[in-house]
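The following note sets out points on the structure for a colleague at the bench. Please read it with the sequence and the model to hand.

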Amino acid sequence: MKLRPITLPALLAAALLAGACSTHTTPSTFNRSEVGRAQTVEWGTIQSIRDVQIQNDSRGVATVTGAAIGGIAGSTIGGGRRANAVGAIAGAAAGGAAGNALSRSARNGVEITVQLENGRTVAVAQDGTSADYRVGDRVRVSSDGVTTRVSR
């Protein structure tokens with residue numbers, strides 16, 4: 001398979017984007033699949049808040065994607081079959097390492113524990129910081145059965 005020189009940067013950019021993709025859980029960010037999905041809404045009072053780290057949990061996908069794209073890109077280096085094979089192996093190793101490193105990234109988040117009006121207590125982790133909320137705040141807890149958000 002002979003790839004044009006412009007293909008290599010495009011493949012590397014695709015690998016970086018695929019590894020960096022993640023779902024963010026801010027109160028005002030919705031994924032396309034969530035649009036139009038009914039949500040249950042409950043009201044409650046914040047009982048506790050703590051800052052947390054949210055890690056990307058798609059490590060295997062990012063590593064495999066990086067290795068595959070690195071292998072394809074590496075196979076275009078060199079003029080012969082042997083050089084292409086060596087390039088593919090080196091590219092796969094480098095791409096897998098890069099994908100794994102990207103997937104280990106973490107971002108700041110907050111865990112909010114809410115006493116709902118019906119007496120239940122729920123804890124929700126989402127993007128943000130403890131400075132965004134205060135204990136005693138009246139908040140809205142919305143959930144579609146998969147994703148739950150706390151907002152004011």
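1. A residue is called buried when its relative accessible area is under 20%, exposed when that area is over 50%, and partly exposed in between. R149 has a relative accessibility of 2%, and therefore counts as buried. The model discussed here is a predicted one.

2. R149 is found in strand 5, and its contacts deserve attention. The side chain of R149 reaches the backbone oxygen of T29 at 2.6 Å. A polar contact of 3.0 Å also joins the side chain of R149 to that of E34. Leaving out residues up to four places away in sequence, R149 touches T26, P27, T29, F30, E34, Q39, V124, Q126, R140, V141 and S142.

3. As to the overall arrangement, the protein has three helices and five strands. Read from the N terminus, the order of elements is α-β-α-α-β-β-β-β. Of the 152 residues, 30% count as buried. The protein exposes about 9200 Å², of which carbon and sulfur atoms supply 58%. Among contacts between residues at least 6 apart in sequence, 67% join residues at least 24 apart.

4. Strand 2 and strand 3 run antiparallel and are joined by seven bridges. One of the pairings places E111 opposite A125, its bridge partner in strand 3. The two strands form a hairpin with four residues between them, and G119 in the turn has a positive phi of about 100°.

5. Strand 4 takes part in two further pairings. Six bridges join strand 1 to strand 4, and these strands run antiparallel; here W43 has R140 in strand 4 as its bridge partner. Strand 4 also runs antiparallel to strand 5 (residues 148-151), with four bridges between them. In that pairing S143 stands opposite T148 of strand 5. The hairpin of strand 4 and strand 5 has four residues between the strands, and G145 there takes a positive phi near 95°.

6. Which residues make up the largest nonpolar core? This core has eleven residues: I46, V110, I112, V114, L116, V122, V124, Y133, V139, V141 and V150. Two or more of them come from each of strand 2 (106-116), strand 3 (121-127) and strand 4 (138-143). Strand 2 gives the most, with four residues.

7. Y133 is one of the core residues, and its surroundings can be listed. Apart from neighbours within four places in sequence, Y133 is in contact with P27, I46, I49, I112, Q126, V139, V150, S151 and R152. V124 and V141, which belong to the same core list, are among the residues touched by R149.

8. The structure holds eight salt bridges. In general, side chains of opposite charge can pair when their charged atoms come close. One of these salt bridges joins R120 to E42, with the closest N and O atoms 3.2 Å apart. R120 lies in the loop between strand 2 and strand 3 and E42 in strand 1 (residues 40-55), so this pair ties together parts that are 78 residues apart in sequence. Both partners fall in the intermediate class: R120 counts as partly exposed at 44% relative accessibility, and E42 counts as partly exposed at 23%.

9. D127 forms a salt bridge with R107, and the closest N and O atoms are 2.6 Å apart. This pair links distant parts of the chain, with D127 in strand 3 and R107 in strand 2, 20 residues apart. Are the two partners buried or exposed? D127 counts as buried at 10% relative accessibility, and R107 is buried as well, with a relative accessible area of 18%.

10. R134 forms a salt bridge with D137, the closest N and O atoms being 3.7 Å apart. The two ends of this pair fall into separate classes: R134 counts as exposed at 56% relative accessibility, whereas D137 counts as buried at 11%. R134 and D137 are linked with R152 in a network of salt bridges. R152 is also among the contacts of Y133.

Definitions and conventions: Residues are numbered from 1 along each chain as its sequence is written. This is a predicted model: local features need pLDDT of at least 70, side-chain atom pairs count only at pLDDT 80 or more; totals for chains, interfaces and linings use all residues. Side-chain values use heavy atoms; hydrogens and water are left out. A nonpolar core is a set of buried Ala, Val, Leu, Ile, Met, Phe, Trp, Tyr and Cys residues joined through side-chain atoms within 4.5 Å. Buried means under 20% relative accessible area, exposed over 50%, partly exposed in between (1.4 Å probe, protein chains only). Contact means heavy atoms within 4.5 Å. Two strands pair if DSSP finds at least two bridges between them. Accessible areas come from the Shrake-Rupley method with a 1.4 Å probe; for residues, only the protein chains shown count as cover. A salt bridge is a side-chain nitrogen of Lys or Arg within 4 Å of a carboxyl oxygen of Asp or Glu. A polar contact is a pair of N or O atoms within 3.5 Å; within protein, one must be able to donate a hydrogen and the other to accept it, and residues adjacent in sequence count only if both atoms are side-chain atoms.
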